[in-house]
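Trainee: Could you take me through the ligand site of this model, slowly and in one go? I would like to know what surrounds the ligand and how that part fits into the rest of the chain.

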Amino acid sequence: MLKGKKIILGITGSIAAYKAAYIIRALVKKGAEVQVVITPGGKEFITPITLSALSSNPVISEFFSNRDGSWHSHVDLGLWADAMLIAPATASSIGKMANGIADNMLITTYLSCKAPVFIAPAMDLDMFAHPSTQQNIEKLRSFGNHIIEPGEGELASHLVGKGRMEEPDVIVGVLDRYFDGLGSLTQKKIVITAGPTYEKIDPVRFIGNYSSGKMGFALAEACAVQGAQVTLIAGPVSLSTTHPGIRRIDVESAEEMYQAAVRTFPDSDAAILCAAVADYRPEVQSDEKIKREKTGDITMHLVPNPDIAAALGKMKQAGQRLVGFALETTNEVAHATEKLERKNLDFIVLNSLKDKGAGFRCDTNKVSILEANGKLTEYPVKPKNEVAGDIVEKLASLLK
Ligand code: CTP
């Protein structure tokens with residue numbers, strides 16, 4: 001739904017700039033508020049008067065307003081928007097966006113924008129096909145920007161020619177569908193545990209594991225994108241979070257993670273236990289660095305850590321949901337079923353270490369979801385953020 005959404009429309013210097021008028025009209029018709037930012041080149045193709053009349057907002061082009069010299073804040077604009085759409089986007093502007101060359105108001109706004117960005121390239125086929133352009137487009141994609149190319153819409157690409165801008169109605173349809181997909185977790189509070197835990201042996205040593213935390217962080221992001229308020233309880237990882245919907249609690253040991261989880265779960269709609277929690281910790285944690293024994297072996301006595309998932313399973317109230325993970329090497333489904341029951345989970349995400357492209361320290365994962373009713377759904381190898389999307393979709397369906 002585009003109704004009430006605040007859209008920055010960036011227009012650059014292409015012959016397709018006239019189509020921006022149709023884009024504004026379609027956005028406004030769907031109830032969106034549109035703020036146009038145009039490059040100096042864009043103004044050669046369409047007048048700001050047309051654009052301000054259609055959008056009912058003054059068009060921004062310069063860093064300073066011509067009339068009174070007041071400063072246009074690209075930062076405020078970037079924060080105001082629910083989405084930014086750059087259509088048409090020339091090869092030059094795409095190159096500047098990909099490389100951070102902020103020499104006009106549109107590019108500075110793009111760089112400040114916290115909202116999702118949609119880019120509709122417009123140029124001739126040779127420019128589009130040039131490796132330079134293709135690399136820049138790939139770079140923008142890797143930043144998480146959505147590239148709208150012809151061929152995905154109603155007109156087949158062989159008719160319109162690659163590089164030519166997608167039709168205005170199709171572009172607006174892409175944004176509309178994007179916002180439709182949003183908000184499946186609006187108002188929901190989700191606790192997520194992520195990463196490894198470190199169990200201290202002495203001031204310089206610990207027992208840990210190879211978990212990178214990537215899957216848990218991807219889940220936090222995916223939940224936040226769907227409108228959830230996320231509490232991300234993170235073990236020691238070198239990852240950062242930027243989404244304003246994510247509150248992060250950093251912990252080190254299983255005991256600290258346990259304390260944070262039992263404190264936050266009662267006020268939540270769901271918890272996703274994605275952390276690779278160390279099952280045991282040294283019974284004694286030395287305050288001094290343990291010295292090498294002159295002769296013979298050294299023995300360390302380990303005691304069990306609390307099972308966070310099982311503890312939350314016991315606390316779970318009607319309407320709350322609990323999701324766990326199982327990383328298995330043998331008898332995967334049988335083990336996962338046993339864990340699902342023992343921990344009172346609603347579903348469990350099963351990783352098999354036997355699968356290529358699955359598990360620790362990589363950007364892809366291959367999972368199956370086993371539900372409490374015995375239903376098993378298998379997914380192909382996917383990037384972790386897409387796997388997170390599948391898990392979030394399943395969770396959202398159970399929280400309706
Ligand atoms: N888990 C947890 N707290 C623990 C151990 C596990 O919250 N102390 C959670 C994990 O985050 C995961 C699920 O329980 O969602 C299963 O973890 P796993 O290590 O596979 O289960 P264990 O019960 O430890 O079983 P085992 O090590 O015997 O395979």
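Mentor: Happy to; here is a walk through the ligand site, followed by some places beyond it.

A word on the ground rules: this is a predicted model, in which local features need pLDDT of at least 70 and side-chain atom pairs count only at pLDDT 80 or more, while totals for chains, interfaces and linings use all residues. Residues are numbered from 1 along each chain as its sequence is written, and side-chain values use heavy atoms, with hydrogens and water left out.

Let us start with the neighbours. The ligand has 13 residues around it, and those that come nearest are Leu 273, Ala 275, Phe 325, Lys 339 and Lys 343 (a residue is near if one of its heavy atoms lies within 4 Å of the molecule). Three elements each supply at least two residues of this shell: helix H12 (308-315), strand S14 (321-328) and helix H13 (332-342). Helices (H or I, at least four residues) and strands (E, at least two) are DSSP runs, numbered from the N terminus.

Now the polar atoms. An N or O atom in the side chain of Lys 339 lies 2.6 Å from an oxygen atom of the ligand. At Phe 325 it is a polar backbone atom that lies 2.8 Å from a ligand oxygen. A nitrogen atom of the ligand, in turn, is 2.9 Å from a backbone N or O atom of Pro 306. The ligand exposes 570 Å² when taken alone, and the protein buries 77% of that area (accessible areas come from the Shrake-Rupley method with a 1.4 Å probe; for residues, only the protein chains shown count as cover).

Stay with strand S14 for a moment, as Leu 327 is also found there. Its C-alpha atom is separated by 4.8 Å from that of Asn 351, although the two residues are 24 apart along the chain. Leu 327 counts as partly exposed because its relative accessible area is 32%; buried means under 20%, exposed over 50%, and partly exposed in between (1.4 Å probe, protein chains only). In the loop between S14 and H13 you will find Asn 331. Asn 331 has a positive phi of about 40 degrees although it is not a glycine, and at 56% relative accessibility Asn 331 is exposed.

For contrast, look at Lys 394 in helix H14 (residues 384-399). With a relative accessibility of 14%, this lysine counts as buried. Its side chain makes a polar contact of 3.0 Å with the side chain of Glu 371. A polar contact is a pair of N or O atoms within 3.5 Å; within protein, one must be able to donate a hydrogen and the other to accept it, and residues adjacent in sequence count only if both atoms are side-chain atoms.

You may wonder about cysteines too. There are zero disulfides in the structure, a disulfide being a pair of cysteine sulfur atoms within 2.5 Å. For Cys 274, the nearest cysteine sulfur belongs to Cys 223, 10 Å away. Cys 274 is buried, at 12% relative accessible area.

Finally, step back to the protein chain. It holds 14 helices and 19 strands, and 48% of its 400 residues count as buried. Its C-alpha atoms fill a box of roughly 80 × 50 × 40 Å along the principal axes.
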